[in-house]
Amino acid sequence: MTTPTQATTPAAARTRTPIGAPGRLENDAKGGVGTSPQRPDGALKVTGEFAYSSDLWMDNMLWGVTLRSPHPFARIRAVDIAAALATPGVVAVLTAADVPGRNVFGLELSDQPVLADDVVRYQGEAVALVAADHPEIARQAAKKIRVDYQVWEPITDARAALGHPTWNRLHDHPAEDVELSRSAAAIHPKGNLVRHLKIRKGDPDEAADVVVRGEYSVGMQDQAFLGPESGLAVPDGEGGVDLYVATQWLHVDQRQICTALGLTPDQVRLTLAGVGGAFGGREDLSMHVHGCMLALHTGKPVKMVYNREESFFGHVHRHPAEMRYEHGATRDGTLVFVNCDIYFDGGAYASSTPAVVGNGGTMGIGPYVVPNVRIDAYGVYTNNPPCGAMRGFGSVQTAFAYEAQMDLLAAELGMDPIDLRVRNAMAEGSVTPHGQTIDSPAPVAELLQRLREMPLPAEPDGADIDLRSLPGGVANSTHGEGVKRGVGYAVTYKNVAFSEGFDDYSTARVQIEAHQGNPLVVVHTAAAEVGQGLVTIEQQICRTELGVENVIVHPKNTDVGSGGSTSASRQTYMTGGAVKLACEAVRDRILTLARDRTDAPLDDAALVDGNIVTPSGAVLMSIADAIGEAVIEETREHHHRPTEEIDPETGQGFAHVQYSFSAHRAVVDVDTELGLLKVVELACVQDVGKALNADAVVGQIQGGSAQGMGLAIMEEIVVKDGKIRNPSFTDYLIPTILDTPPMPIQVLEYADPHAPYGLRGVGEAPTISSGPAVAAAIRQATGLPLTRVPIRPEHITGT
């Protein structure tokens, strides 16, 4: 479909920079590895001067809007765009027929159309695009597009989608080989199974003295980032396009965009715009291809910004999960076996479901030593909203189940829940259910023991109680009657970086020159800064390795090699490692130049405070003098040690490069009459290997803890018959500062010998252990099993 307008943009547009495009980040802060200098973007963000992707602007730009399906499952019989095209101010209306390359994209599997052609598989799927000279004109024109749908009954239950029976008896096991039931329609041509992971270790039918069973459900959580999906596509007048966008993985975005546009990577250039949070929700494409299509079609810059409601339809969410567990133990509490079935609802398209199944399955019984294990984990297509990456990535869901099971087993045995966990805790040298030996410190028992030793918050004094400290107390709903306090513990673990044979790497380019008599370093990577503080880490590593205070962070773009995804707690490990390698190469060249200027031995020389110094601290010369007029630049890739694909029949193999361990203790007051609750304290102990930036580490633990707590008690996208019922921050609840409790934190530093500086990824682990601890505390306060999260008031009151 074409439009009357086919204007072209001159080649000079390639040199124009949009207002709000990122600039080089620099500040006057000092500090290398192990310190906590000011973030180069910190002052800009807290003063409101930082430009986010939604702030991008160019003269004469158009505004793009997406028409989305109101149905979760339907055939498209016809699309009529005539009325929309006739709207004054509209420049283009595009449908699937206008996709210039392959009408498909996908993070792991290419299974999702850029624009739906014959079938829509979820509510909110993109069907058509409109570009106009004003956003409201574009929105009104999109409403004039007429789509004739043949509506089908959606498939919204993951087990039913596979033809698996409902769980009537806890000891029934699904069949080893999955066959699609004749009664379950195929959402995709190859069926509804995305992945089935089987893990077999020992004899799962081994007898045990005590056996406990449970079925658990986790709802769909949203990443709830504050900055909506947005970006600006600028045509170059030569058939290519520049895209400024908020994302987590520039080069994978580029690859998918090139496929859809039928262009080469040198024709599609991406620059990271200001990112207002991510948490996994920006790892998949949103407006990327759509904006580029409209820009190339019209020859003008096109800006797209989702509103909050559209954002709920425009990105993936955390997978809902249904789980069934069976734990067996001896009378003294030693675990004998764990059997479990895990169903991840992937929604309409695969996204990262295969990897989520891999993580959820391989770490699906927690950081415990168990000789006999059977795990069946499934990723399933349904007509629910697509699900993919979110902080914790498969491990969050299973942690709620296996930690509830440990509490259930402790109660059955009459044991202290911490003592049971310590008895079975992993340590260095332990073997995981998938047969991998833990070859670095694993202080699981110590985390728990340290938590137990931390003082508990004081009990409320009935004689002089502050009503604001009670559940619902601000509303004066209670004076303390019916309020009971519970304390809950959880310990979990999570892999760091990519797994199962993926060649995970990151690239860094480091340049140094003398500027006004002083050395100046520029570090350039494509690793996305999404708020976690990577730009600060890059500066710190350069300062430590090169002894130079003035370090500038180059804008993130695809002019340098891939930085990989800002996910899986991997960027400090991977991109930090790449920056370290590039700095080491630059340092070697500096010392080579210095050898031409001095006869002093330089084999053991170091770069410190802008100088080349001997081991005794004597200054040989300044770095600026050694460099002279030269500009030194080195680019390096950092690959972590190889992992391997796991055996498809047994699930055995060296799947993960590193693990991160954390434990939480939650103290919760519960109004058992009204179902209201207040998290009084959320304490954490976590091993981070090496804290490269202590303040950033604490911030990550606090943020992750709050996000895990949110899933436990309030956060859920409510989906009924495939349709989202609460696509707004009015109805989708997230913890505010009033909900967030004090968070005592202890950070341990047991170095991983395989990692740069001995560090471990930090960001995801606290999200995994915080929620189960909160749920455990509520169970203790109420005496109820509470097998579903988020826990709602009606679950407590029974009404």
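**The interface of domain 1 and domain 3**

Across the interface of domain 1 and domain 3 in this predicted model, zero salt bridges are found. Polar contacts do occur there, however: six residue pairs, each with both partners at pLDDT 80 or more, are in polar contact between domain 1 and domain 3. On the side of domain 1 that touches domain 3, helix H5 (250–261) and strand E11 (268–272) each contribute at least two residues. E11 provides the largest share of that side, with five residues. Sorted by class, the side of domain 1 facing domain 3 is made up of seven nonpolar, six polar and two charged residues.

How much area is buried between domain 1 and domain 3? The figure is about 1,100 Å², and carbon and sulfur atoms account for 56% of this area. Within domain 1, the residues that lose the most area to domain 3 are Gln248, His251 and Leu272, which together make up 44% of what that side buries. In terms of residues, 15 from domain 1 are in contact with 15 from domain 3. The C-alpha centres of these two domains, domain 1 and domain 3, are 39 Å apart.

It helps to place this interface within the whole chain. The domain assignment divides the chain into domain 1 (53–153 + 239–310), domain 2 (451–496 + 657–797) and domain 3 (505–639). Domain 1 and domain 2 are thus each listed with two segments, while domain 3 is given as a single range. Along the chain there are 17 helices and 29 strands. Taken along the principal axes, the C-alpha atoms of the chain fill a box of roughly 80 × 75 × 60 Å. The radius of gyration of the chain is 27 Å, which agrees with the value near 28 Å expected for a compact globule because the chain has 799 residues.

Although the interface of domain 1 and domain 3 has zero salt bridges, the overall count comes to 39 salt bridges. Side chains of opposite charge can pair when their charged atoms come close. One such pair is Arg269 with Asp236, a salt bridge whose closest N and O atoms are 2.8 Å apart. Arg269 lies in strand E11 and Asp236 in the loop between strand E9 (230–235) and strand E10 (241–245), so this pair ties together parts that are 33 residues apart in sequence. Strand E11, then, holds Arg269 of this salt bridge and also supplies five residues to the side of domain 1 that touches domain 3.

Notes:
Residues numbered from 1 in each chain as written. Predicted model: local features only at pLDDT ≥ 70, side-chain atom pairs only at ≥ 80, totals over all residues. Heavy atoms only, no water. Domains from an automatic or database assignment. Contact = heavy atoms within 4.5 Å. Buried area = accessible area lost by both parts, 1.4 Å probe. Salt bridge = Lys/Arg side-chain N within 4 Å of Asp/Glu carboxyl O. Polar contact = N/O pair within 3.5 Å; in protein donor to acceptor, adjacent residues only side chain to side chain. Helix = DSSP H or I, 4+ residues; strand = E, 2+ residues; numbered from the N terminus. Nonpolar A, V, L, I, M, F, W, Y, C, P; charged D, E, K, R; others polar. Rg over C-alpha atoms; globule rule 2.2 N^0.38 Å.
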